[in-house]
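Student: Please take me closely through a single part, the space that a probe would find between the atoms. I am new to this, so please explain each term as it comes up.

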Amino acid sequence: MTDLLLWLHIGFAIFTLGPVVAVTMSTPRFIRARNVDVLRYLHKTTRIYAIASAGVFLFGVLVGLDYLGRPYLSVSMTLFIVAAVLLAVVERDQRAALRALTSEDPQDDAKVQTGRIATLSGLITGIWMVILVLMVWGNP
């Protein structure tokens with residue numbers, strides 16, 4: 001059973017975290033281009049994959065039930081929660097950028113969201129890389 005949970009954990013990590021990183025990191029380009037149709041798609045994709053990425057956490061906890069007291073696992077779980085919160089901020093900023101770009105006011109250009117999304121996307125990616133390192137080298 002543990003092998004199945006480990007495969008599910010790894011599968012969810014590959015098939016949810018990779019796409020959500022690609023989508024969030026490409027969002028600023030389409031905000032600058034004022035491409036609302038693609039931005040809507042990226043926003044929807046971010047929501048779907050962000051919700052699905054909870055499976056990474058769930059199956060990771062189930063696999064590591066016997067190791068929950070180990071520092072590498074506690075740090076990894078905490079970092080994952082931080083990344084999830086930052087991902088929620090990115091999703092909110094995507095929604096705000098969509099609202100700004102579809103408004104009638106020509107002053108709304110979503111520049112604030114562009115910078116914040118780019119920064120947070122890079123930070124989220126870095127956090128997930130740290131988690132990967134902890135999982136590979138921290139695991140007994």
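**The largest pocket and its surroundings**

Tutor: The largest pocket holds about 800 Å³ of space. A pocket is an open set of points on a 1 Å grid over the protein atoms alone, where a 1.4 Å probe fits and protein lies on both sides within 12 Å along at least five of seven lines; the points are joined across faces, edges and corners, and the volume is the space filled by probe spheres set on them. Rolling a probe the size of a water molecule over the atoms shows where empty space is left.

Before going further, please keep in mind that this is a predicted model, in which local features need pLDDT of at least 70 and side-chain atom pairs count only at pLDDT 80 or more, while totals for chains, interfaces and linings use all residues. Residues are numbered from 1 along each chain as its sequence is written, and side-chain values use heavy atoms, with hydrogens and water left out.

The lining of the largest pocket, meaning the residues with an atom within 4 Å of a point, comprises 28 residues, and those nearest the centre are His9, Val56, Ile131, Leu132 and Met135. Two or more lining residues come from each of helix 1 (2-32), helix 3 (54-63), helix 4 (71-101) and helix 5 (111-138), where a helix is a DSSP run of H or I with at least four residues, numbered from the N terminus. Helix 1 contributes the most, with eight residues. Sorted by class, 20 lining residues are nonpolar, eight are polar and none is charged; here Ala, Val, Leu, Ile, Met, Phe, Trp, Tyr, Cys and Pro count as nonpolar, Asp, Glu, Lys and Arg as charged, and the others, Gly among them, as polar.

Val56, one of the residues nearest the centre of the pocket, is a good place to pause. Val56 sits in helix 3 and counts as buried because its relative accessibility is 6%, buried meaning under 20% relative accessible area, exposed over 50% and partly exposed in between, with a 1.4 Å probe and protein chains only. Contact means heavy atoms within 4.5 Å, and, leaving aside neighbours within four places in sequence, Val56 is in contact with His9, Phe12, Ala13, Thr16, Leu17 and Phe80.

Phe80 leads us on from there, since, not counting residues up to four places away in sequence, Phe80 touches Leu17, Ser53, Val56, Phe57, Trp128 and Ile131. Phe80 and Trp128 are also among the residues with the most contacts inside the largest nonpolar core, which has 23 residues. Such a core is a set of buried Ala, Val, Leu, Ile, Met, Phe, Trp, Tyr and Cys residues joined through side-chain atoms within 4.5 Å. Helix 1, helix 2 (36-52), helix 4 and helix 5 each give two or more residues to this core, and helix 4 gives the most, with nine. In soluble globular proteins, nonpolar side chains tend to be buried together.

Trp128 lies in helix 5 and is buried, because its relative accessible area is 9%. Among the contacts of Trp128, with neighbours within four places in sequence left aside, are Leu17, Val21, Phe80 and Leu87. Although Trp128 and Ala13 are 115 residues apart in sequence, their C-alpha atoms are 9.7 Å apart in space. Val21 belongs to helix 1 and is buried, because its relative accessibility is 17%; its contacts, again leaving aside neighbours within four places in sequence, are Thr125 and Trp128.

For a contrast with Val56, turn to Arg34, which is found in the loop between helix 1 and helix 2. Arg34 is partly exposed, because its relative accessible area is 42%, and its phi is near 60 degrees, a positive value in a residue other than glycine. Val56 and Arg34 are 22 residues apart in sequence and 33 Å apart in space, C-alpha to C-alpha.

Finally, the whole chain gives the setting: it has five helices and zero strands, and its C-alpha atoms fill a box of roughly 55 × 25 × 15 Å along the principal axes. Of the 140 residues in the chain, 36% are buried.
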